[in-house]
Amino acid sequence: MLIQFVLIAVLLIALFVTWKRAGQRVVTVREALGWSLLWVGAAVGIAMPWTTTLVANFFGVGRGSDFVLYGSVMLLFVLVFKLFVAFEKQERKLTELVRRDALKDLKKS
Amino acid sequence: MKVLAVIPAFNEASRIATTISAVRPLVDGIVVVDDGSGDRTADAVPAQQGVTVLRHELNRGQGAALRTGTEAALILGADVIVHVDADGQHDPSFIPSLVKPIADDAADVVFGSRFLGEVPEGIPLFRRVLLHAARTFNVMAMGIPRRVTDPQSGMRALSAKAAREIDFVQDRMAHCSEILRRVTRSSLRWVEVPVRIRYTAESLAKGQKSTDALKIAWQLFIGVFAD
């Protein structure tokens, strides 16, 4: 089916870019392996959809595509949460910077 | 014993002078932190002996401004640091009773409470209900003892030792609960004294909105993971 070819082509590009970046040392080899696992896993699920049903049944979910959907939602939750935390850390650094600037003259005198 | 008041101010150009003249006779000095105001709040502070004005170039929130002011007060050699709001909600006449337990060496931290006898002026019923809910939240989610009667009191006094020890990092409104938690879980001695809060139409309009309760809970939650 066309959608399978398109998605797998995208994943192959992702895999290629991941290792290109690893070669440029932008990401570590460990990170690249992690991403590769995700891309290959997704490609397997797309090429052979029955494999997702196998995993879904193991977790007690009836259909593979449902399982992928639930998983994606959960993954998104985690990612958004991490983003919030990272943002809060940035905010605190910004505050520290603003504070240092405000106290600068006081420390001199 | 050097008592310094810390007044964080955000867009308070119209009220800051009144607050300062009310607070000044009761303390040895004042640190005003203009929290990135757009209305030239810093310029509205009258040049006066013992009044130090600091400015945050960007608005970082009340908690952040208090922290900056507290650190400044320590640099200026304060023995006792009193936190007072700029908008006139906090009745300055209670400053001496906030300072007294520290001066008597009976406490390291003194919290002003709205619910210890002094009748708050003009407190809306819904606000009162919300504060009760906040107290329960503090007990259950934050582990702050139920002995604390006012969950969102912004008027407090710290000894220099306490000010150095309490590492509060919440930039916005959640600093009240955060300071309560850090103090009640430390070995510092703390006590609550009655204060009077004046609710005016103006301060209600600018101050915390009731929906901010959810924001505070969220900030505290995220804050746990950002530490």
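**Interface, salt bridges and second largest pocket of the predicted model**

Chain B and chain A bury about 2000 Å² between them, and carbon and sulfur atoms account for 64% of this area. Of the area that chain B buries against chain A, 26% is supplied by B:R60, B:I75 and B:I222, a share that exceeds that of any other three residues. The structure described here is a predicted model. The contact draws on 25 residues from chain B and 16 residues from chain A.

Polar and charged interactions also cross this interface. Seven residue pairs are in polar contact between chain B and chain A, with both residues of each pair at pLDDT 80 or more. Three salt bridges are found across the interface of chain B and chain A. A salt bridge also joins the side chains of A:E88 and B:R172, with an N to O distance of 3.3 Å. On the side of chain B that touches chain A, at least two residues come from each of β3 (51–56), α3 (62–75) and α9 (212–226) of chain B. By class, the residues on this side of chain B comprise 12 nonpolar, five polar and eight charged.

Over all chains, the structure holds 19 salt bridges. In one of chain B, B:R60 pairs with B:D171, and the closest N and O atoms are 3.9 Å apart. B:R60 lies in the loop between β3 and α3 of chain B, whereas B:D171 lies in the loop between α6 (160–165) and α7 (175–184) of chain B, so the pair ties together parts that are 111 residues apart in sequence. B:R60 is also one of the three residues named above for their share of the area that chain B buries against chain A.

A further feature examined was the second largest pocket, which encloses about 660 Å³ of space. Its lining consists of 22 residues, and those nearest the centre of the pocket are A:A42, A:T52, A:V68, A:L69 and A:S72. Two or more lining residues are given by each of α2 (29–47), α3 (50–59) and α4 (64–108) of chain A. The greatest contribution to the lining is that of α4(A), with nine residues. In terms of residue class, the lining of this pocket has 12 nonpolar, nine polar and one charged residues.

Terms used
Residues are numbered from 1 along each chain as its sequence is written. Chains are lettered from A and ligands numbered from 1 in the order in which they are written. This is a predicted model: local features need pLDDT of at least 70, side-chain atom pairs count only at pLDDT 80 or more; totals for chains, interfaces and linings use all residues. Side-chain values use heavy atoms; hydrogens and water are left out. Contact means heavy atoms within 4.5 Å. Buried area is the accessible area (1.4 Å probe) that two parts lose on being put together, summed over both. A salt bridge is a side-chain nitrogen of Lys or Arg within 4 Å of a carboxyl oxygen of Asp or Glu. A polar contact is a pair of N or O atoms within 3.5 Å; within protein, one must be able to donate a hydrogen and the other to accept it, and residues adjacent in sequence count only if both atoms are side-chain atoms. Helices (H or I, at least four residues) and strands (E, at least two) are DSSP runs, numbered from the N terminus. Ala, Val, Leu, Ile, Met, Phe, Trp, Tyr, Cys and Pro count as nonpolar, Asp, Glu, Lys and Arg as charged, and the others, Gly among them, as polar. On a 1 Å grid over the protein atoms alone, a cavity is a set of points where a 1.4 Å probe fits but cannot get out, and a pocket is an open set with protein on both sides within 12 Å along at least five of seven lines; lining residues have an atom within 4 Å of a point. Grid points are joined across faces, edges and corners, and a volume is the space filled by probe spheres set on the points.
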